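Visitor: I am new to this structure and should be grateful for a close look at a single part of it. Please take the sheet as the starting point and proceed from there to what surrounds it.

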2 protein chains.
Amino acid sequence: MPTDSKRLTRFECFRDLSDDQCSAVAELTNEACFYPQTELFAEGAEGSRIYLLSDGEVEILYNIGEEGPTHVDTVGAGEILGCSSLLPPYVYTSSARSLSPIETLIIDSFALRKLMEEDCNLGFAIQGQLIQMLLDRIVDLRLEL
Amino acid sequence: MPTDSKRLTRFECFRDLSDDQCSAVAELTNEACFYPQTELFAEGAEGSRIYLLSDGEVEILYNIGEEGPTHVDTVGAGEILGCSSLLPPYVYTSSARSLSPIETLIIDSFALRKLMEEDCNLGFAIQGQLIQMLLDRIVDLRLEL
């Protein structure tokens, strides 16, 4: 069942969309909860879903050499996961696994890509917010180094 | 004098643009060299220029508490600096200073924003490449932690 668009606008990324644009994205979005230690997506797999984390913690892992999936970061409520599924070559560049019980909104990446391409203004607005979010994440990471 | 669009397409961010789109961006772009220890932009200042680094090294600094500008990262050839000037509130979120002699392309941020808004497909394409670049930068930063 599509989610209420009000749940979507809790995420900064969608805050500046018009009501109609927000409803269109909400149509592609479902709510889901997961137990701890659930793999949301795997590095290298086809990117089919974007996860908006409403509650809980998720760890990000990279395949590093022979070590296999290695923890590189932990993200919390408000974060968006799986952004690489919006861009060519449409594969996940990391793995993500829940560290606690989590609540998420899940957006169908294929459908969102189609919507963003068809409605260029919507695509432009969402990508602008994504860039903002990624720039903020870079600030946080640099300050941790 | 506007730069040759071939110099622009050396940067991944502009590689997928059509010839016409690339020429339009090249019209807004100039070439410049700077001595070491030149401040390219300051955190909090109005974002008026994007720098594409062709050669040399630039350090990124953040104002942290009472310490003042503090080194947080070093970037090299191929990197793009000042992306935050493309997004509201259009101010630089960091300072940047050359560590060596550098060669850059400089794009007028105001004009590029206008062009991206007027030609939504161009805007969407450039944003997509920026997102790709920021995702790559996040991978690098996470691996350094």
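**The sheet and its surroundings**

Guide: In chain A, four strands form an open sheet in the order 1-8-3-6, with antiparallel pairing. Strand 1 (29-34) and strand 6 (80-81) of chain A stand at the edges; each has a single partner strand, so one side of each is left without a neighbour in the sheet. The model under discussion is a predicted one.

Within this sheet, strand 3 (residues 49-55) and strand 8 (residues 102-108) of chain A run antiparallel and are joined by six bridges. One of the facing pairs places A:Arg49 opposite A:Asp108, the latter belonging to strand 8 of chain A.

A helix accompanies these two strands. Helix 3 (residues 109-118) of chain A lies across strand 3 and strand 8 of chain A, and its direction makes an angle of about 50° with strand 8 of chain A.

The helix may be examined further in the other chain. In helix 3 (residues 109-118) of chain B, the residues B:Ser109, B:Leu112 and B:Met116 are buried. Viewed down the axis of helix 3 of chain B, the buried residues fall within an arc of 60°, so they line one face of the helix. On the other side of helix 3 of chain B, B:Glu117 and B:Glu118 are exposed. The cover over the buried residues of this helix includes helix 2, strand 3 (49-55), strand 8 (102-108) and helix 4 (120-144) of chain B.

Helix 4 leads on to the contact between the chains. That contact takes 26 residues from chain A and 26 residues from chain B. On the side of chain A that touches chain B, the elements giving two or more residues are strand 5 (69-75) and helix 4 (120-144) of chain A. The largest share of that side, 18 residues, comes from helix 4 of chain A. By class, the side of chain A that touches chain B holds 15 nonpolar, seven polar and four charged residues. Of the interface residues of chain A, 100% are also interface residues in chain B, so the copies meet through the same surface.

The arrangement of the two chains can be stated briefly. Chain A is superposed on chain B by a rotation of 180° with 0.0 Å of shift along its axis, at an RMSD of 0.0 Å. That is the relation of a two-fold axis.

Definitions and conventions
Residues are numbered from 1 along each chain as its sequence is written. Chains are lettered from A and ligands numbered from 1 in the order in which they are written. This is a predicted model: local features need pLDDT of at least 70, side-chain atom pairs count only at pLDDT 80 or more; totals for chains, interfaces and linings use all residues. Copies are superposed by least squares on the C-alpha atoms of residues with pLDDT of at least 70 in both. Two residues are in contact if their C-beta atoms, placed from the backbone, lie within 7 Å. Ala, Val, Leu, Ile, Met, Phe, Trp, Tyr, Cys and Pro count as nonpolar, Asp, Glu, Lys and Arg as charged, and the others, Gly among them, as polar. Two strands pair if DSSP finds at least two bridges between them. Axes are lines fitted to C-alpha atoms, for helices over the stretch in contact, and angles run from 0 to 180 degrees between N-to-C directions. A residue is buried if 20 or more other C-beta atoms lie within 10 Å of its own, exposed if 12 or fewer, and partly exposed in between; C-beta atoms are placed from the backbone. The arc is that of the directions from the helix axis to the C-beta atoms.
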